[in-house]
Amino acid sequence: MIIVRLTGGLGNQMFQYACGKNISLKKHTSLAVDITSYSWDTLRIYELDNFFAINCKIASTIDVENTKMKHRYSFFERIKRKLYGKPFPYYLHCNVKEQSNRYDSNIWKVNKNIILEGFWQSEKYFIDIKEQLLQDFTFKNSPNEYYNQIINQIQDVQTVSVHIRRGDYVHNSTTLAFHGICSLEYYNNAISYITHIVGNPSFIFISDDIEWCKQYFKNISNSIFIENNKGADYEDLRLMTLCKHNIIANSSFSWWGAWLNTNPNKIVIAPKQWFANQEMQAQTQDLIPESWIQM
């Protein structure tokens, strides 16, 4: 069994699930998610099953113990350790912990009974099962009345979602120092770029601070400002996936909104500066898909 320890919000949970799913398929074994972190993280909740058509097993204490008991080092690896006197590499342990934010190809060498810990924020961990993930991340519920009206309104329009993450990024000093926020210049440059390429675009502003957006983007023509108090977070995520193009924030939630967009001709613009923390920023080479434009 592959057990994925989930942490963080919906976007992080989707990365962790996607990586674990691919490993479980390649190892021909089952997948379960460990959600115990949400017993002490009072700011987040487990959301995957609430929003998506995923029938994912929740790992029990017994599942965790059985996975540890079933984990085995191969005979070849045990001989190598004896000959060279070196410890087993991290990816052969039962608890496989992510070493950095860079894509790590050693992940495919893991045992079929492991506990996976990390964020795994690169499509390289799951791009080969994209069609499977598009099914798994199918929204369980229909849009509410407010969002349904918006969706019907934009069906035949060259829509561009503009996701602006503020909230805790702005008001929590620790979060701000770690993540930082995308500048007004970034959004204006991205909007200008899209405007010169896409004919008559309509910009759909999605944010946890929509009043700020109205203040700073009120002069952008063909704009719709989504009132984010009209529904759950997944409504905003679904709306991003249904737009023709995406301008994203430095947010995993935003990243998935663009990745799940199935428009074959989509333009996705992402910020070059993903983290304010320079050590983390130096590890983002594998985060943004090659077809996306970084500004």
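This text goes through a sheet, the helices that pack around it or on one another, and one buried loop residue in a predicted model.

The sheet is open and has 6 strands, which pair in parallel in the order S8-S7-S6-S9-S10-S11. Its edges are strand S8 (223–225) and strand S11 (293–294), each of which pairs on one side only. Strand S7 (residues 202–207) runs parallel to S8 and is joined to S8 by 3 bridges. Across this pair, Ile 204 faces Ile 224 of S8. Helix H11 packs on the sheet, where it touches strand S6 (159–164), S7 and strand S9 (245–247). The direction of H11 makes about 155° with that of S7. Angles over 145 degrees count as roughly antiparallel, so H11 runs roughly antiparallel to S7.

H11 (residues 233–242) also meets helix H12 (residues 252–259), their axes coming within 7 Å and crossing at roughly 40°. That angle makes H11 oblique to H12. The crossing is right-handed. On the H11 side, the contact is made by Asp 233, Asp 236, Leu 237, Met 240 and Thr 241, and on the H12 side by Phe 253, Ser 254, Trp 256 and Gly 257. By type, the residues of this contact comprise 4 nonpolar, 3 polar and 2 charged.

H12 has a further partner in helix H1 (residues 10–26), with which it packs at an angle of about 60°, the axes being 7 Å apart. H1 and H12 are therefore oblique to each other. Here the crossing is left-handed, whereas that of H11 and H12 is right-handed. H1 contributes Leu 10, Gly 11, Asn 12, Met 14, Phe 15 and Ala 18 to the contact, while H12 contributes Ser 252, Phe 253, Trp 255 and Trp 256. The residues of this contact divide into 7 nonpolar and 3 polar, with no charged residue. Phe 253 and Trp 256 of H12 are thus listed in the contact with H1 and also in the contact with H11.

The last stop is a loop that leads to an edge of the sheet. Gln 283 lies between helix H13 (278–281) and S11, the latter being one of the edge strands. Is Gln 283 buried or exposed? Its relative accessible area is 18%, and because buried means under 20%, Gln 283 counts as buried. Apart from neighbours within four places in sequence, Gln 283 is in contact with Ser 100, Asn 101 and Arg 102.

Methods. Residues are numbered from 1 along each chain as its sequence is written. This is a predicted model: local features need pLDDT of at least 70, side-chain atom pairs count only at pLDDT 80 or more; totals for chains, interfaces and linings use all residues. Side-chain values use heavy atoms; hydrogens and water are left out. Axes are lines fitted to C-alpha atoms, for helices over the stretch in contact, and angles run from 0 to 180 degrees between N-to-C directions. Helices (H or I, at least four residues) and strands (E, at least two) are DSSP runs, numbered from the N terminus. Angles under 35 degrees count as roughly parallel, over 145 as roughly antiparallel, 65 to 115 as roughly perpendicular and the rest as oblique. A crossing is left-handed if the near helix is turned anticlockwise from the far one by less than a right angle, and right-handed if clockwise. Contact means heavy atoms within 4.5 Å. Ala, Val, Leu, Ile, Met, Phe, Trp, Tyr, Cys and Pro count as nonpolar, Asp, Glu, Lys and Arg as charged, and the others, Gly among them, as polar. Two strands pair if DSSP finds at least two bridges between them. Buried means under 20% relative accessible area, exposed over 50%, partly exposed in between (1.4 Å probe, protein chains only).
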